[in-house]
Amino acid sequence: MVQGDIKTIRNKPKEVNDIVSEDESFRYEEILEYNLSERAFKMLGEAESLIDDGYVPLYLLSDPEIYEAERIKVFASSWNFLAHESEIPYPGDYVVRYIEQTPLIVVRGEDNKIRVFLNACPHKGREFVKAEIGNTSHIRCPYHGFVYNTKGKLVGCPVQKHAIGDVINYNDFNMYRVNVEIYKGFIFANLDPKPKNDLSTFLGDFKFYFDLVSNRSEAGLSFTNPQRWVVPFNWKAAADNFAGDIYHAFTAHATGYALFPKETIKANTVLTGLQVDAGNGHGIAFSRIIDSPQWYGNWWPELIRKAKNTLTESEYKFWVKYSTSTIIGNVFPNFGFLNAGMPFKGGSTAEAIAPILTFRVWNPISHDKTQIWNWFAIENDAPEDLKKYSYLAYQHSFTANGVFEEDDMENWITQTHAGNSMLKLKLAEKVGEYKPLIDVGAPGNVQSYPSDIGSMSFWRELVNKLLE
Amino acid sequence: MIYSSKNMDGNHINDLIDVLLYEAEILDNHQYDKWIDMLTEDIEYKMPVRITREKEDKETDLELSKSQYHFIDNKESILMRVNRYKNEYAWSENPPSRTKHFITNVRIEKVNETESIVKSYVLFYRSRRDNAYPEIFAYERLDKFRYENNKWKLAKRNIIPENSVLPLMNLSNFL
Ligand code: FES
Ligand SMILES: [Fe+2]
């Protein structure tokens, strides 16, 4: 279903001579300096102790200086999700992506290896590619015509002898490379030339939970093109929500639930769920309606057998027992996902709910603006009718006009707006604080639903990173 | 500016233009039931995601995603959305958006007793809450109308957005 598009391979232009052997660019650059001002340092110190007491100062959400600090101290040194392998399935395929506003090219090389480069030419900084997606054997800068291979190596330029001769340090002309690591098909990049930890350590205990959406079938997932729209809220409002706010659903999404067939909603059973602080700022929540993997059980019982082969034994046990209806999570800092049953029109009763899986990046534009990147995903080997209905259920529920998601925007926009206040607003994210942690045979700190534990873990990690 | 192709039945052309203007009026007045009445039972209502691509032969075609849509609706799903908007807890439309659909560059490509193909440009203007500055979004409509019970009804609408990134905080209005 993904990538029905025509491929065009452009060969290296004839007038350009080979000047170096085609090996790989290993050129990485340092990240910019950032020193916290006295003001920011004081605010973050206060935030740190407030968070220990279960409060979040609202200035963390909207303050422009905090945003400036996040650019370098959070985004430039975290593993950021950029794309899924299925978006660039063939050699030469590329997509243009961003970490905050740093423009990047994610390209599958002729050798099938995925690399990430800065989308900026080493000669004068012209952005190479303005298309969002494409296929190419070489990257040619439209400014002066330098040509690079998909491994980031300069392979030629017009009138090369007269332009750069042969005394030059060719490495100066190689594309800027960015560290990349892939987990279960999910491509993450880290702008830090020497990342403080590898992706596996960064995800840590969260891998246990992320597997439940990314690794249920050996066939892997397939992503659509992203839907993108710009909303006037700070990215952290969405991260806080996806890291662990399932509590809002029945109020904020009252009209969404009203569209479910009556027999699928029984308030007393819906209120069963778990909330998790999985460490490193990653949060996730689970809720279930009945005791079986209901949505997949109806639509694709096979998946439950398949998952047994790909998940670890404890992951599988946990998935079947606890995460059968809704999974909502956020990988620190700004990579959210949701797996839920949603209504679509065309079926009846229980079959009118299809499972959906969506991934999104809350891509920050400024302290009060975010570009939402929203992908639909489904296992490659899912039954064809499920693929169709799952897409429709997703499109009608969790998109810019989704009967659920539309109402989320209003929450995040108005939180951000309230953050313009001149007061040190102290928010009490204390839902569930009184409750003990429980042991469900899964990693992290786990509480019963409802709880702000996952959201608080996001804020704690944010402040840690900013003070690092 | 309204332009109609020559050699077509003048009455139908005027009728179709009236239909477009009437539709804009009821959409802007949130008269959803009247709008539903304007749709055929088998209405196909779509807006594919636009993708910025390098120039190729079949340009616009390539720029439209085959896997991702902003709208992909039929009558039932449109009714689902409409029923939601009628509810006071549909927070995205309470308070309601104030909108104007400006319809222009109308081209009637084909018209006969039963069917017509109408293309138009729309400038969608939206004001919400106390924002002084509106959201503005341009798109092209490729419409198919069918003549049923003495009325032109919308049977198909393909919305081609100008933007690859929507400049709207949500899409809580029909286009
Ligand atoms: S800026 Fe790219 S070749 Fe000069
Ligand atoms: Fe929500």
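How many residues of chain B are in contact with chain A, and how many residues of chain A do they meet? In this predicted model, 38 residues on the chain B side touch 47 on the chain A side. Put together, the two chains bury about 3700 Å² between them, and 53% of that lies on carbon and sulfur atoms. If you want a place to start looking, try Gln68(B), Met80(B) and Arg84(B): these supply 18% of the area that chain B buries against chain A, more than any other three residues.

Now for the polar side of this meeting. There are 32 residue pairs in polar contact between chain B and chain A, and four salt bridges cross the interface. Arg84(B) turns up again here, forming a salt bridge with Asp407(A) in which the closest N and O atoms sit 2.6 Å apart. Which elements of chain B give two or more residues to the side that touches chain A? They are strand E1 (39-50), strand E2 (64-73) and helix H4 (75-85), with E2(B) giving the largest share, nine residues.

Next, look inside. Nonpolar side chains tend to be buried together in soluble globular proteins. Here, the largest nonpolar core has 166 residues, and Tyr209(A) and Phe359(A) have the most contacts inside it. Helix H1 (residues 10-28) of chain B brings the largest share, eight residues, while domain 1 (80-199) and domain 2 (204-467) of chain A each give at least three. Beyond its close sequence neighbours, Tyr209(A) is in contact with residues including Val276(A), Ile284(A), Phe318(A) and Pro443(A). Apart from this big core lies another, of 18 residues, among them Ile139(A), Cys141(A), Tyr148(A) and Leu154(A).

Definitions and conventions
Residues are numbered from 1 along each chain as its sequence is written. Chains are lettered from A and ligands numbered from 1 in the order in which they are written. This is a predicted model: local features need pLDDT of at least 70, side-chain atom pairs count only at pLDDT 80 or more; totals for chains, interfaces and linings use all residues. Side-chain values use heavy atoms; hydrogens and water are left out. A nonpolar core is a set of buried Ala, Val, Leu, Ile, Met, Phe, Trp, Tyr and Cys residues joined through side-chain atoms within 4.5 Å. Buried means under 20% relative accessible area, exposed over 50%, partly exposed in between (1.4 Å probe, protein chains only). Helices (H or I, at least four residues) and strands (E, at least two) are DSSP runs, numbered from the N terminus. Domain bounds come from an automatic or database domain assignment. Contact means heavy atoms within 4.5 Å. Buried area is the accessible area (1.4 Å probe) that two parts lose on being put together, summed over both. A salt bridge is a side-chain nitrogen of Lys or Arg within 4 Å of a carboxyl oxygen of Asp or Glu. A polar contact is a pair of N or O atoms within 3.5 Å; within protein, one must be able to donate a hydrogen and the other to accept it, and residues adjacent in sequence count only if both atoms are side-chain atoms. Lists of a residue's contacts leave out its neighbours within four places in sequence.
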